[in-house]
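Q: I would like to learn how to read polar contacts, burial and strand pairing from a set of coordinates. Could we work through one example together?

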Amino acid sequence: MSFGTSKEKNGPEQGGHSLNLIGRGTVIIGSISASASIRVEGEIKGQVASQDLVTIGNTGVVEGDVEAKNIVVGGRVNGNLTAQEKLVLEAKCSVSGDIRARRLVVDEGALYEGKCAMRDNREKPSMAEGMKIASKL
């Protein structure tokens with residue numbers, strides 16, 4: 001089995017399930033980008049990007065921006081968080097930086113300092129388009 005992938009009983013990488021694990025005691029200096037999920041239990045000094053899920057575990061520390069489809073923070077982040085879908089700040093986490101997410105869950109006890117922007121990414125017709133549609137009726 002190659003590093004960063006998991007195999008299911010029925011075959012390799014069925015359903016796109018793979019995980020990149022940054023283990024406890026590991027320190028990475030530099031940016032990480034992956035199409036699969038990333039779990040951080042160690043420390044990263046740099047940007048983290050994934051097309052799937054990024055999880056910063058209870059022992060995880062990220063000193064840099066994090067961007068992913070979904071983000072779960074249980075550890076510490078000093079940087080901006082951008083989730084295309086959902087961002088979860090767990091009870092013992094600490095975040096210092098701006099956050100952007102379509103959906104946000106903040107557990108009681110989470111520490112957060114920064115600006116927050118939430119927006120539904122589904123396209124809505126502009127006022128001018130709405131007026132055009134109404135005039136045709």
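A: Let us start with a single side-chain pair: in this predicted model, the side chains of Glu41 and Arg39 are joined by a polar contact of 2.7 Å. The side chain of Glu41 also has a polar contact of 2.7 Å with the side chain of Thr59.

Q: Which kind of interaction, beyond a polar contact, does Glu41 form with Arg39?

A: The general idea is that side chains of opposite charge can pair when their charged atoms come close. Here Glu41 and Arg39 form a salt bridge, in which the closest N and O atoms are 2.7 Å apart.

Q: Is Glu41 buried or exposed, and where in the chain does Glu41 lie?

A: Glu41 has a relative accessible area of 16% and therefore counts as buried, since the cut-off for that class is under 20%. Its place is in the loop between strand 6 and strand 7 (43-45). Leaving aside residues up to four places away in sequence, Glu41 touches Leu21, Ile22, Gly23, Arg24, Gly57, Asn58, Thr59 and Gly60. Arg39, by contrast, is partly exposed, with a relative accessible area of 31%.

Q: How should I read the strand that holds Arg39, and which residues stand opposite Arg39?

A: One reads strand pairing from the bridges and their sense. Strand 3 (residues 19-22) pairs with strand 6 (residues 37-40) in the parallel sense over 4 bridges, and within this pairing Leu21 stands opposite Arg39. Strand 6 is also joined by 3 bridges to strand 9 (residues 53-56), again with a parallel course, and there the bridge partner of Arg39 is Thr55.

Q: How many salt bridges does the whole structure have, and which parts of the chain do Glu63 and Arg76 tie together?

A: A search of the whole structure finds 4 salt bridges. One of them joins the side chains of Glu63 and Arg76, at 3.4 Å from N to O. Glu63 lies in the loop between strand 10 (61-62) and strand 11 (66-73), while Arg76 belongs to strand 12 (residues 76-78), so the pair ties together parts that are 13 residues apart in sequence. Both ends are partly exposed, Glu63 with a relative accessible area of 28% and Arg76 at 40% relative accessibility.

Q: What distance separates the N and O atoms in the salt bridge of Glu85 and Arg102?

A: The side chains of Glu85 and Arg102 meet at 3.3 Å, N to O. This pair links distant parts of the chain, with Glu85 in strand 13 (residues 81-89) and Arg102 in strand 15 (residues 99-106), 17 residues apart. Glu85 counts as partly exposed at 23% relative accessibility, and Arg102 is partly exposed with a relative accessible area of 23%.

Q: Which backbone atoms does the side chain of Ser50 reach?

A: A side chain can be read against the backbone as well as against other side chains. The side chain of Ser50 reaches the backbone oxygen of Ala36 at 2.7 Å, and one of its polar atoms lies 2.9 Å from the backbone nitrogen of Asp52. Ser50 lies in strand 8 (residues 48-50) and, at 7% relative accessibility, counts as buried.

Q: How do these details sit within the chain as a whole?

A: The protein chain has 1 helix and 17 strands, and 34% of its 137 residues count as buried. About 8900 Å² of the chain is exposed, with carbon and sulfur atoms supplying 49% of that area.

Key: Residues numbered from 1 in each chain as written. Predicted model: local features only at pLDDT ≥ 70, side-chain atom pairs only at ≥ 80, totals over all residues. Heavy atoms only, no water. Helix = DSSP H or I, 4+ residues; strand = E, 2+ residues; numbered from the N terminus. Buried < 20%, exposed > 50% of the residue type's maximum accessible area, 1.4 Å probe, protein only. Polar contact = N/O pair within 3.5 Å; in protein donor to acceptor, adjacent residues only side chain to side chain. Areas by Shrake-Rupley, 256 points an atom, 1.4 Å probe, with all protein chains shown as cover. Pairing = 2+ DSSP bridges. Contact = heavy atoms within 4.5 Å.
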